[in-house]
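Open your viewer and get ready to select a few residues along the way. We will go stop by stop, and at each one you can check what is there.

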Amino acid sequence: MTSDTPARRFRVFSRRRGAPSRARRRIGAAARMLAALALAGGVYTAFAPGAFADTPKQLSATAQEGKQLYDNSCITCHGRNGEGVTDRGPSLIGVGSASVEFQVGTGRMPMTRQEAQAEQKKPQFDKNQTKQLGQYIQELGGGPQLPAGELVESLDDNPEAVARGGELFRVNCTSCHGFGGGGGALSSGKYAPSLHDAAPETIYAAMLSGPQNMPVFGDNQLTPDEKREIITYITLQLQDDKDPGGLFNLGRYGPSTEGVAIFVVGITLLVFTSLWIAGKS
């Protein structure tokens, strides 16, 4: 047996005291892990600031007025932040003020009940309140909005506006609204409304927002100038008692209506005239 000398005991004690314990090793590893995570988080924060939520944007004075109207009349169906409510109302994020101009400005919203299509009725908000609501929805989620300026072309500046607008109307609108703008039936209880009393702002907003079964006519489909020409044609040609069907207004179904009516009436008269002559001979 080796003797347990003081020098040997000192070496063993020093070795035990210098070697880190298991707990200390674990604490050191955890500290290094936290330091690495903090470094990675700092680098990510510096190079990806967009990943964090932005500071809520302050609403304009007009939008604040619109928010009060929204909270009193729209929040039940469309949610506190316009996110929509299941089986009540769709989301309003991204619809823009153009949709508000069409839906609220024509009295279609608020709806009295859920049905196939919102009926046009007397608006519950005046024009100023409609603009306030539209501004709030615009600032809430963005989306299409009406352009500034006149929506009906001046014939002094653009004398061919009615002609070009008529061509565009016949290509893009007559399949649903009819050649005379009288509207027509669609599927599933829906219909294309008449354009005879539609305001220029309503028509432009409908082309931007695509309500009900109507497709969206963005600026890639119809430029702003082409939209104005269509509105000019509707306003000056269809709404000013200038029937494209001819002298008599027989439903404004198109330019052949009067010809068909004259043909049917003429043939009937000729048949009865021939029978009367045959009976007298």
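On this tour, two residues are in contact when they have heavy atoms within 4.5 Å of each other. Keep in mind that the model you are viewing is predicted.

**Start with the whole chain**

Show the chain as a cartoon. You should find eleven helices and two strands. Following the sequence, the elements come in the order α-α-α-α-α-α-α-α-β-β-α-α-α. The chain has 281 residues, and 29% of them are buried.

**Stop 1: Phe169 and the largest core**

Select Phe169. Which residues does Phe169 touch, leaving aside its neighbours within four places in sequence? They are Thr174, Gly178, Phe179, Gly181, Leu195, Ile230, Tyr233, Ile234 and Leu238. Now add Ile234 to your selection. In the largest nonpolar core, which has 22 residues, Phe169 and Ile234 touch the most other members. Helix 5 (96-103), helix 7, helix 9 (200-209) and helix 10 each give two or more residues to this core. Helix 9 provides the largest share, with six residues.

There is also a second, separate core of eleven residues, and you can pick out Ala63, Cys74, Leu92 and Leu133 among them.

**Stop 2: two crossing helices**

Colour helix 7 (residues 161-172) and helix 10 (residues 224-238). Their axes come within 7 Å and cross at roughly 100 degrees. Angles of 65 to 115 degrees count as roughly perpendicular, and therefore this description fits helix 7 and helix 10. On the helix 7 side, the residues making the contact include Ala161, Val162 and Phe169. On the helix 10 side, they include Ile230, Tyr233 and Ile234. Sorted by class, this contact has nine nonpolar, four polar and four charged residues.

**Stop 3: Phe179**

Next, select Phe179, one of the residues in contact with Phe169. Phe179 sits in the loop between helix 8 (174-177) and strand 1 (184-185). Is Phe179 buried, partly exposed or exposed? Its relative accessibility is 38%, so Phe179 counts as partly exposed. Try a distance too: the C-alpha atoms of Phe179 and Gly166 are separated by 9.5 Å, and these residues are 13 apart along the chain.

**Stop 4: Gln138**

Move to helix 6 (residues 127-141) and select Gln138. With a relative accessible area of 13%, Gln138 is buried. Where does its side chain reach? It comes to 3.0 Å from the backbone oxygen of Gly143. Beyond its neighbours within four places in sequence, Gln138 is in contact with Gly96, Ser97, Gly143, Pro144 and Gln145.

**Stop 5: backbone surprises**

Most residues other than glycine have a negative phi, and most peptide bonds are trans. Here are some places to look for something else.

- Select Asp87, in the loop between helix 4 (75-78) and helix 5. Its phi is positive, near 65 degrees, and Asp87 counts as exposed at 75% relative accessibility.
- Select Gln212, in the loop between helix 9 and helix 10. Its phi is also positive, near 50 degrees, and Gln212 counts as partly exposed at 32% relative accessibility.
- Select Met109 and Pro110. The peptide bond from Met109 to Pro110 is cis, with omega near 0 degrees. Pro110 belongs to the loop between helix 5 and helix 6.

**Last look**

Zoom out to the whole chain again. Among contacts with a separation of 6 or more, 58% join residues 24 or more positions apart.

Conventions
Residues are numbered from 1 along each chain as its sequence is written. This is a predicted model: local features need pLDDT of at least 70, side-chain atom pairs count only at pLDDT 80 or more; totals for chains, interfaces and linings use all residues. Side-chain values use heavy atoms; hydrogens and water are left out. Axes are lines fitted to C-alpha atoms, for helices over the stretch in contact, and angles run from 0 to 180 degrees between N-to-C directions. Helices (H or I, at least four residues) and strands (E, at least two) are DSSP runs, numbered from the N terminus. Angles under 35 degrees count as roughly parallel, over 145 as roughly antiparallel, 65 to 115 as roughly perpendicular and the rest as oblique. Ala, Val, Leu, Ile, Met, Phe, Trp, Tyr, Cys and Pro count as nonpolar, Asp, Glu, Lys and Arg as charged, and the others, Gly among them, as polar. Buried means under 20% relative accessible area, exposed over 50%, partly exposed in between (1.4 Å probe, protein chains only). A polar contact is a pair of N or O atoms within 3.5 Å; within protein, one must be able to donate a hydrogen and the other to accept it, and residues adjacent in sequence count only if both atoms are side-chain atoms. A nonpolar core is a set of buried Ala, Val, Leu, Ile, Met, Phe, Trp, Tyr and Cys residues joined through side-chain atoms within 4.5 Å.
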